[in-house]
Amino acid sequence: MSRSRKSIRQCGRDGGSGIGGIAASDEGLPEIGVVTKLRSKPHQFYSRILPRKSEGMPISPVKMLAGREGNYSGRSRFTSADRCHLSSRYLPVNGPSVIDRMTSCAYVSQFSADGTLFVAGFQDSDIKIYNVDNGWKVKKNIRARSLRWTITDTSLSPDQRFLVYSSMSPIVHIVNIGSAMTESVANVTEIHEGLDFSGHDDDEEDDYSFGIFSVKFSTDGRELVAASSDDSIYVYDLAANKLNVRIPAHRSDVNAVCFADEAGHVLYSGSDDHLCKVWDRRCLGTRGIESGVLTGHLEGITFIDSHGDGHYLISNGKDQAIKLWDIRKMSSNARSNISIAPPRHIEWDYRWMEYPSHLRNRKHPNDLSVCTYRGHRVLRTLIRCYFSPSYSTGQKYIYTGSADAHIYIYDMVSGAQVARLEYHDQIVRDCSWHPFDPMIGSSSWDGVIASWELKRN
């Protein structure tokens, strides 16, 4: 088994360089660092009764198991922090096992909330849903309707009865995945209902007036939120079967959007205009007035993921960096922040060019991020990044795909690279950490869906 014994340290103001280098203010880090530590700190009785050589060293699994059996904590079981203390030390870096091999680029891969299903979307219009608990057997093979370019995103409803998928079109399709039929061919074997995010009838405007890069269910399953190529965020009311609101959110493509927490009132968005924005729907209206702006990226943002606490999020950027944000540090004036940003390198295009080496050390003069993580590569496609699961790791890590065909795992607090998973031959656009088990599923442009787990003796 591979374990991480990296010590926790705060991010420096000047940061490091190369892999795992950090460059940002460390002002906001102690709070999230303390929270993360508490989530994975064993019960105090273990520390008192089972002495260690150093306070910074973890308690061995053998000693913790002995302590649990001896009821040292008085609980006769592990607390959630005890569990995270053990499981977060063992990363799913071994293997991988090849789950599937397609002749088309894989763009999307995600575990369901309970970990029983794994969804993978491919460029040739296939979406496969695997039953993880049944040996990764294909539960549903969906052939998408009206595909343009590729499957850009998928999302499972909270009750896991429905799946929505998007493409470079304003039409999002919804599929009932609970039916007994394995092969789901759009409007041949099953109905794939089209949800029109354009807000008008199909005959009024071209179906491809804009595309959707990201789509997510709300936690109650009543709404969808989408990020689009027409610089906007859309909210669709599923109960009323109509578009609820269009927010003219950014000055360029909106590549990512997500809910801040389970309440669903606050949204985060990331765009090619280099900005992350925060939106409070309770005081939004239709004028597109954001609650705040987060500046720091020097190139477009490819993806964002919420910590789930309503305070923190991470973003992946074409400036080859992941940034950690605290929305309590956000600015209320986007225009002034843009005006003092360094000029964009116009000649560089991430879709077919390497990132210029002389640009790697540039810094935004008004960088509001808490911490920055470097080492992976963000090129050619909208590569995604995530917080590791709360249940098994206490969200101790940040992980991402990469254009160099690897998966990178960073310690969120120290910024250190703790693992690099090597197997794929082409870009890893998406990957997903199982919500409960030590397992990572990855999807690559080489067409391979792979599963990384702990080494089995």
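The exercises below, each with a worked solution, go through a predicted model of one protein chain.

**Exercise 1. The chain as a whole**

Describe the chain by its secondary structure, its buried share, its contacts and the confidence of the prediction.

Solution. Begin with the secondary structure, where the chain has 6 helices and 29 strands. Next turn to burial: of the 457 residues in the chain, 58% are buried. Then consider how the chain meets itself, taking contacts between residues at least 6 apart in sequence; of these, 56% join residues at least 24 apart. Finally look at the confidence, for which the average pLDDT of the chain is 85, with 80% of the residues scoring at least 70. The stretch of residues 1-28 has a pLDDT below 50, although in the model it makes 80 contacts beyond near neighbours in sequence.

**Exercise 2. The nonpolar cores**

Find which residues have the most contacts inside the largest nonpolar core, and list what Ile409 touches.

Solution. The largest nonpolar core is made of 32 residues, and the ones with the most contacts inside it are Tyr268, Ile304, Ile409, Leu421 and Ile440. Take Ile409 from this list and set aside residues up to four places away in sequence; what remains in touch with Ile409 is Tyr397, Ile398, Tyr399, Ala416, Gln417, Val418, Ala419, Leu421, Trp433 and Ile440. Another core, of 16 residues, lies apart from the largest one, and among its members are Tyr107, Trp348, Leu379 and Trp445.

**Exercise 3. Two threonines in loops**

Decide whether Thr381 and Thr150 are buried or exposed, and name their contacts.

Solution. First place Thr381, which sits in the loop between β22 (371-374) and β23 (385-387). Its relative accessible area is 5%, and because buried means under 20%, Thr381 is buried. Leaving out neighbours within four places in sequence, Thr381 is in contact with Tyr107, Thr302, Tyr350, Ile427, Arg429 and Trp445.

Now place Thr150, which belongs to the loop between β5 and β6. With 2% relative accessibility, Thr150 also counts as buried. When residues up to four places away in sequence are not counted, Thr150 touches Tyr107, Phe122, Gln123, Ser166, Ser167 and Met168. Comparing the two lists, Tyr107 appears in the contacts of Thr381 and in those of Thr150.

**Exercise 4. Ala144 and the loop residue Ser125**

Work out where Ala144 lies, how far it is from Asp126, and which residues it contacts.

Solution. Ala144 is placed in the loop between β5 (137-143) and β6, and its relative accessibility of 15% makes it buried. Although 18 residues separate Ala144 from Asp126 in sequence, their C-alpha atoms are 6.3 Å apart in space. Setting aside neighbours within four places in sequence, the contacts of Ala144 are Ser125, Ile151, Tyr165 and Ala186. Follow one of these, Ser125, to its own place in the loop between β3 (117-122) and β4 (126-131). Ser125 is buried at a relative accessible area of 7%, and its phi is positive, near 90°, in a residue other than glycine.

**Exercise 5. Backbone details**

Identify where the backbone shows a cis peptide bond, and where Trp136 and Asn241 take a positive phi.

Solution. The cis peptide bond joins Gly95 and Pro96, with omega about 5°, and Pro96 is part of strand β1 (residues 94-101). Trp136, found in the loop between β4 and β5, has a positive phi of about 60° although it is not a glycine; it is buried, with a relative accessible area of 13%.

For Asn241, begin with the strands around it: β13 (residues 232-237) and β14 (residues 242-248) pair in the antiparallel sense over 6 bridges. Across this pairing, Ile233 stands opposite Ile247 in β14. The hairpin has 4 residues between the strands, and in it Asn241 takes a positive phi near 55°.

**Exercise 6. The largest pocket**

State the volume of the largest pocket, and say which residues and elements line it.

Solution. The volume of the largest pocket is about 1,500 Å³. Its lining consists of 43 residues, of which Gln110, Phe111, Ala113, Asp305 and Ser306 are the closest to its centre. As a last step, list the elements that give two or more residues to the lining: they are β2 (106-111), β6 (153-156), β11 (212-217), β15 (254-259), β19 (301-306), β23 and β27 (428-433).

Definitions and conventions. Residues numbered from 1 in each chain as written. Predicted model: local features only at pLDDT ≥ 70, side-chain atom pairs only at ≥ 80, totals over all residues. Heavy atoms only, no water. Core = buried A, V, L, I, M, F, W, Y, C linked by side-chain atoms within 4.5 Å. Buried < 20%, exposed > 50% of the residue type's maximum accessible area, 1.4 Å probe, protein only. Contact = heavy atoms within 4.5 Å. pLDDT = per-residue confidence, 0-100. Pairing = 2+ DSSP bridges. 1 Å grid on protein atoms, 1.4 Å probe; cavity = no way out; pocket = protein on both sides within 12 Å on 5 of 7 lines; lining within 4 Å. Points joined across faces, edges and corners; volume = space filled by probe spheres on them.
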